[in-house]
Structure formats: structure tokens, C-alpha cells
Amino acid sequence: MNAPTTLKELMPDTDLAGQQGQDIIHESAHLHVTGEAVYTDDIPELRGTLYAALVLSPVAHGELIGDGIDRDAILKQHGVVAVYTAKDIPGENNCGPIIHDDPFLAAGKVEFLGQAIAVVVATDMLYAREVAKRAKVLVKELPALLTIEEALQAQSFIMPAKGITRGKPAEAIANAPRKITGSTYCGQQEQFYLEGQITYAVPREDDQLTLYVSTQHPDGNQREAAAALNLTTKDVEVICRRMGGGFGGKEGNASIFSQSAALAAHLLKKPVKLRVNRDDDMMITGKRHDFRIDYTIGFDDSGRILGADFMLASRCGYSTDFSGPVNDRAVLHIDNCYYLPNLHIISHRCKTHTQSGTAFRGFGGPQGMFGIETVIEEIAQNIGKDPLDVRKVNLYQDPAVSGDANSMTTQYNQVIEDFIADKVIDQVEAESKYRARRDSVNAFNAKNTHRKKGVALVPLKFGISFTATMLNQGGALLNIYMDGSVCVNHGGTEMGQGLNTKMQQVAADGLGIPVRYVRVTGTDTQKVPNASATAASSGADINGAAVNNACDQMRARLAPVAARMLGCDASAIKFEAGQALNTAAAGANDKKSVDWKSLVKQAWLDRVGLSVTGFYMTPDIKYDFTTLQGKAFYYNCYGAAVTEVEIDTRTGEWWLQAVDIVHDAGQSINPSIDIGQIEGAYVQGMGWLTMEECVWDLKGKKTDDGFSGRGKLLTHGPSTYKIPVASDVPEHFKVSLFDGQNVKPTPFRSKAVGEPPLMLALSAYFALRDAVSASAGHKARIDLTAPATPEKILMACERAKASV
């Protein structure tokens with residue numbers, strides 16, 4: 001992989017003048033490796049702290065009898081202090097982040113197996129968990145819809161369908177020289193953050209409350225807790241110093257736990273900690289949406305798509321959650337890098353009696369891209385061409401070259417201003433020696449009967465912005481102290497992705513000081529209010545721009561102070577390398593500079609304010625989510641990956657042998673952090689597409705309480721749910737950053753790297769599909785859904801060989 005090889009690389013210089021663009025070490029790296037990094041569960045507990053656990057529904061669908069619990073029986077258990085249900089909530093019972101249709105404690109009915117019904121509070125965490133686990137749930141079980149197919153048949157939807165029609169797709173398909181019709185499926189994925197869901201709720205004087213939450217959206221937790229307790233937002237403070245991973249799973253779902261803990265703490269006037277174990281975490285929280293994708297495609301002999309008709313159907317679970325924008329983004333990314341002149345796409349959002357599908361890295365984009373890339377592979381096999389050549393012939397093109405005025409305009413009517421997918425593809429094709437690798441793979445397959453190799457090159461185009469326009473804003477607080485040290489706070493949350501390190505660099509650059517002068521503090525709703533979630537890959541863009549805005553204001557305040565000290569005009573002052581420089585100094589007696597610390601001290605003496613707030617709103621976004629039309633994204637990120645795999649056709653086992661990536665991070669603020677994000681995203685995406693399988697009990701097995709057991713998630717822990725580990729990563733894992741910069745004025749002209757690289761892992765899935773195809777001499781149509789587990793690979797090989 002791209003690991004440092006020398007001590008100098010491991011410990012880069014952190015005292016450089018220009019901080020952006022440097023490989024500054026992660027601001028918490030030394031704390032991570034020594035175990036000193038403080039996560040929510042590490043916060044010293046106050047005297048009298050109590051512990052909470054949740055009573056969960058044993059059925060996927062049912063009517064609660066009374067409160068749904070035997071309250072008296074629970075209160076008699078050893079160590080139990082209190083138990084609360086929906087009827088004990090003083091205010092609104094909701095944790096739905098958009099539509100308020102999602103109670104954090106079930107009221108009257110339950111709609112998935114694992115839904116929280118009650119909060120048990122005890123003097124010890126073990127007591128609370130054991131009592132909650134053994135508590136008898138009083139419920140009348142009802143029939144449940146569990147799958148996409150069941151929901152489609154029953155016409156059960158969480159919201160109305162949405163779609164886009166462009167051109168004349170039916171006519172284009174009918175008149176096309178070639179046609180294919182098919183269906184595919186990509187599965188769910190558990191976020192599997194290392195640090196589970198946790199909240200430590202501490203009551204304060206006068207009905208105030210402080211919540212320490214592992215969350216991507218402190219503002220959401222703050223507002224929802226205040227609403228639940230009939231408080232105002234000013235009465236609730238939410239703090240998050242860092243998370244041990246989030247991946248979207250702590251954007252909305254964290255409120256289930258923060259509100260439950262807040263309820264208990266508020267009513268008992270005692271500190272309450274709620275930390276769920278891994279099994280309960282996976283049973284309660286939402287996953288990546290799984291999708292069924294049906295398609296009918298018309299194309300010509302070169303593989304160019306002339307017309308396309310897609311039906312997307314996702315399992316949204318029992319409430320809306322983020323299913324609206326997730327499914328919208330799947331529709332917006334059905335094109336990936338390809339121009340689809342005649343397109344019809346309809347998106348069904350299926351209501352099922354399962355956990356609500358929620359945010360996950362990529363937010364619908366990966367599922368949309370999975371659909372179009374499946375089509376590309378099918379076309380290539382149909383006409384006997386390398387899939388790369390089919391990809392190239394379908395790329396968006398400059399209208400001046402194509403002769404088609406719309407060939408650089410998306411299906412949602414946004415003109416692409418920054419298209420570089422062709423250049424990125426060319427670079428990774430050359431760096432990976434793709435054509436030679438293809439020849440080598442073909443030669444290997446010709447010589448081997450039971451072992452087959454596959455290779456694939458897959459590009460990506462991913463739009464950056466919240467599709468809810470109002471969320472594209474960020475805030476920051478900048479404080480300078482008399483010794484010259486600087487404290488920065490912003491609305492984003494640190495979850496290991498290096499956001500705070502980048503903000504440290506942005507602030508240091510903005511003030512012209514060494515990065516060691518700057519500390520970025522934990523996210524706090526009483527420092528930066530009304531902040532959007534750290535999501536949509538926008539954390540560095542909107543918060544970095546807000547920090548820049550604060551630095552601009554501070555420089556404007558300090559420049560006159562420096563000018564007076566140096567005897568020059570304020571316009572001549574430049575902040576650089578820990579000094580204020582007089583750029584107009586010419587004579588020997590002219591004062592050339594004043595050091596930062598002296599400047600700050602003088603500013604205080606001159607009664608110049610050394611605290612400022614910064615703000616930013618993303619400009620130039622005009623998108624109508626009701627019609628899925630307009631400028632949805634501020635800019636696009638691009639990338640491409642080549643993956644080579646080998647399979648054993650007798651067992652379905654497979655090995656990842658080589659990965660080559662070229663990714664567009666713009667002008668990177670911190671290349672090492674960005675490369676780390678790219679590597680991690682690829683591996684996580686590979687997990688989704690190859691091994692992470694959510695298995696549900698669709699038939700049921702009668703429980704001791706007489707319930708059917710139908711609708712239970714069977715893979716609810718690391719013993720049954722497999723994520724990639726270090727041994728799954730090949731020695732040849734090469735990442736190159738594309739040499740370019742953002743066309744938009746983001747901090748340092750950088751681009752987002754949180755979500756886009758996950759889609760690079762599509763190349764792993766399609767390399768496996770290529771290897772399966774090789775098992776039948778590339779003569780059979782391949783039936784392989786994701787995740788492509790060894791069992792599925794084996795059966796796909798058997799079906800392919802049987803059909804030729």
C-alpha cells in the first residue's frame with residue numbers, strides 16, 4: 001500500500017509556513033496510538049451516574065398491549081431505578097431527521113424486530129442490559145412485509161415514486177440495433193463503526209442538559225432532545241470531541257440513543273450513560289439501502305447506449321429516515337460518467353417491516369452506479385468487446401466534439417463544468433498497464449481450468465453538495481489568545497477522517513502561522529450553532545470555507561495594528577511564516593516584520609477583538625428535489641480504479657491480487673490523509689460488494705415467547721457479519737492523486753474525499769464478474785448479485801458453465 005517508508009515520512013515537518021498541501025500528521029495520531037484519545041465512553045463519570053439499556057421488540061410488526069412491558073416486574077429487578085416508555089416522554093416522540101414519522105420509543109405499535117420499546121435505568125450497566133434483555137414484551141404479532149418483492153407486490157411505499165424522463169427512451173430502445181433486458185441486486189451494508197452508539201447525558205441546573213454523543217449531527221441531537229423534553233434548544237448542549245467511525249450511521253440514528261438517555265437523565269435528574277453492545281446496535285440501527293435494479297437497454301454495435309429504461313426499488317424500512325435523498329441520489333448517479341441521451345428511470349421507495357434504511361457513505365450514489373456499470377458490462381459481453389472500450393464510447397463529451405448540444409449535460413439538467421473522467425481513465429489505464437494486464441489475465445485463464453482471473457477498470461463521477469440546498473452552510477469560531485495561540489471550533493465532527501487536521505491547516509494558512517499554534521476543539525452546539533451534519537462529503541468544504549472567512553476577518557482586524565507597529569499602510573501587510581510582513585519596506589531603516597506573538601499582544605493592548613465567527617454558504621446551487629432537476633451539485637469528483645482478482649471455480653474462494661487507483665482530490669489540503677481516505681473507502685466498498693451480507697430470517701422459527709421470529713437480522717455481530725481485514729488487502733495497492741485543482745474556489749482548491757472513493761470498489765466486483773465469465777469462456781450471460789460472496793461466486797460459475 002501507500003505506507004510511509006522512512007521515519008522522516010512518518011514524522012513530517014509541522015512548522016512550515018504554507019500549511020495547506022502538506023502531509024501534516026493527523027492531529028490525534030499520537031493519542032490514537034497511545035490509547036489517550038478520549039471517546040465518549042472514556043469521559044470520567046460523575047458521581048451518581050446511572051446506566052440505561054433498551055427493551056427491544058421481538059416481532060417485526062405488532063400492536064403493543066398497554067405500554068408493551070410489565071413495568072412493575074421490571075422495577076422489581078435488582079439494581080433497577082426506573083423504566084420509561086413512550087408515555088413518559090414530555091414532548092415530541094421523534095427521531096426522524098426529515099419527516100417526523102420515527103418514534104425513538106415505540107408508541108402503540110412496533111414495526112421492526114429490534115425496535116426500542118422502553119428504557120431501563122439501573123445502577124450498573126450489566127444490570128440494565130440483563131433486565132432489558134429478559135423483559136417480557138406485551139405485543140400482538142401481525143403479518144410483516146420484509147423484502148423488496150413483498151413490498152412491490154403489496155404496493156407498500158414509504159413515499160411516492162420519483163423519476164426522470166429524458167428524450168424519447170421507448171422509441172430509442174425500440175429502434176436500436178441491439179437490446180438487453182435484465183435485473184440485478186446490490187445488498188445492504190452495516191456501518192460497523194468501531195465505536196458503537198453511545199450517549200452520556202448530564203443534567204445541569206435550571207433544567208439544562210449536556211449530552212456527550214458519538215454523533216455526526218450534534219445540532220440534530222440537540223433539537224430533537226429539546227423537543228422531546230419540552231425544552232428550548234438553548235437548554236441542551238451537545239458535545240462530540242471525536243467518533244470512532246460514523247460512515248452515515250451516526251447522522252440520524254444517534255438520536256435514538258441520545259434521546260433515550262436524555263429522557264432518563266432529565267426525569268431522574270441524574271447522569272445517565274447509554275452504550276449499546278454490538279448485537280443491539282446492529283439490531284436497532286439502519287443499514288445501507290439494498291436495491292433491485294431492472295433495466296432495458298438499446299445500443300448500437302459499438303456499444304453506445306441509445307436508450308435506457310431503469311426501475312430502481314429500494315428497501316427503506318418502516319420510516320422515512322433519509323430514504324428520500326438516498327433514492328434521489330441513486331437516480332442522479334445512474335449516469336455515472338456516461339451520457340444517456342434517452343432515459344427513463346423510476347425510483348420506488350419500499351416500506352418494509354425492517355430497520356429504516358439510513359445514510360451510508362455514498363448515500364445512494366453507489367447503488368445508482370452499480371446499475372449503470374452492470375449495464376456496461378452486459379453490453380460489452382453482448383458485442384464481444386473489452387468493457388473499457390464500451391465505457392469510453394459512452395463517456396460524456398464536449399458538444400463541440402460530439403456535435404450533440406446535450407452531451408455534457410446530465411439527466412437532471414446540470415451542465416458538467418469540470419469533466420475530467422476521460423483523463424483520469426487514461427492515467428490509470430497507463431499506470432496499471434491495463435491492456436497488458438488484460439492479455440496476461442486471458443493467457444492465465446487459457447492455461448488454467450479451475451482457477452480463473454478477472455480484471456476491471458471502472459471510473460466514477462460523484463456530485464458534491466447536500467441535495468437539500470439549505471444544508472450547504474457552515475460556521476466557525478476563531479479565538480486568539482494573548483500568547484499567540486489559536487483555538488478554532490467549527491460545525492463539523494471528527495470521526496477519524498482527519499477533518500480537524502485539515503481545519504488546523506486551513507486556519508494556520510489563513511493566519512500565516514505555524515500549524516502548531518492552532519488547536520481545533522471538539523464540536524459543541526454552544527460554540528457553533530445550527531450546524532449541518534458532517535455528511536455528503538462536505539465537511540472540509542463548508543467548514544473550511546467558514547474557517548477561511550473567520551481568518552479573513554481576523555487579518556483585517558490585525559493588519560492596522562501591524563501597520564502601526566511597522567510604520568506602513570495596512571494594505572502593505574502580509575501574514576506569513578509566523579510574522580506580519582511589511583511588503584512595502586524598501587529602505588534599510590524600514591521595519592520589515594513583527595512576529596505573530598508580539599502582534600497579538602499589541603492587538604489586545606489596543607483593545608482589538610481577538611474572537612470572530614466565520615460563516616459560509618455554498619453558492620450557485622439551484623435544484624428542485626420535487627422534480628429532480630437543476631444544478632444539484634457544486635462540483636464533481638472523479639476517479640478510476642483497476643482491480644485484478646483470482647477465483648477458484650470449485651469453491652468460490654477469491655483473492656484480491658492488485659489494485660491501481662487514480663483519484664481526483666483537487667489540490668489536496670493534506671495528501672497523506674486523502675490517500676488514507678481513498679484506501680479505506682475502497683476497502684469498505686469492496687466489503688459491501690463482496691463479503692458483507694445482511695441475512696434475514698424470512699421464514700421464522702418460533703421463540704419461547706410464542707412469536708414467529710420472522711424478520712430477525714441473523715447477522716448481528718462480528719461472528720456472522722464479515723468485514724474486510726488487513727489480510728484482504730493486496731501488497732500491490734497503488735494510489736495516485738490526479739494532478740489538478742477544483743474549478744470551484746473551495747479551500748486550497750481541494751475536493752471532497754469522504755464518499756467518492758468508495759465507488760472505486762465497483763472494479764473489485766466487476767473483476768470478480770469477469771473471472772466468473774471466464775469460467776464459461778465468456779460465452780454465458782452472468783447471473784451474479786452483490787455481495788459476491790464465495791457461495792454466490794460458486795453458484796454463478798456453475799450456472800454459467802451449465803448454460804454453454
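1. Let's start with D102, which sits in the loop between β3 (80-84) and β4 (109-110). Strands here are DSSP runs of E with at least two residues, helices are runs of H or I with at least four, and both are numbered from the N terminus. Bear in mind that this is a predicted model, where local features need pLDDT of at least 70, side-chain atom pairs count only at pLDDT 80 or more, and totals for chains, interfaces and linings use all residues. Residues are numbered from 1 along each chain as its sequence is written, and side-chain values use heavy atoms, with hydrogens and water left out.

2. Is D102 buried or exposed? D102 counts as buried because its relative accessibility is 7% (buried is under 20% relative accessible area, exposed over 50%, partly exposed in between, with a 1.4 Å probe and protein chains only).

3. Now look at S319: 217 residues separate S319 from D102 in sequence, yet their C-alpha atoms are 5.9 Å apart in space. The side chains of D102 and S319 also share a polar contact of 3.0 Å (a pair of N or O atoms within 3.5 Å; within protein, one must be able to donate a hydrogen and the other to accept it, and residues adjacent in sequence count only if both atoms are side-chain atoms).

4. Next up is Q411, in the loop between α13 (399-402) and α14 (421-431). With 4% relative accessibility, Q411 counts as buried.

5. What does the side chain of Q411 reach? Its targets include the backbone oxygen of V331, at 3.0 Å, and the backbone oxygen of L332, at 3.2 Å.
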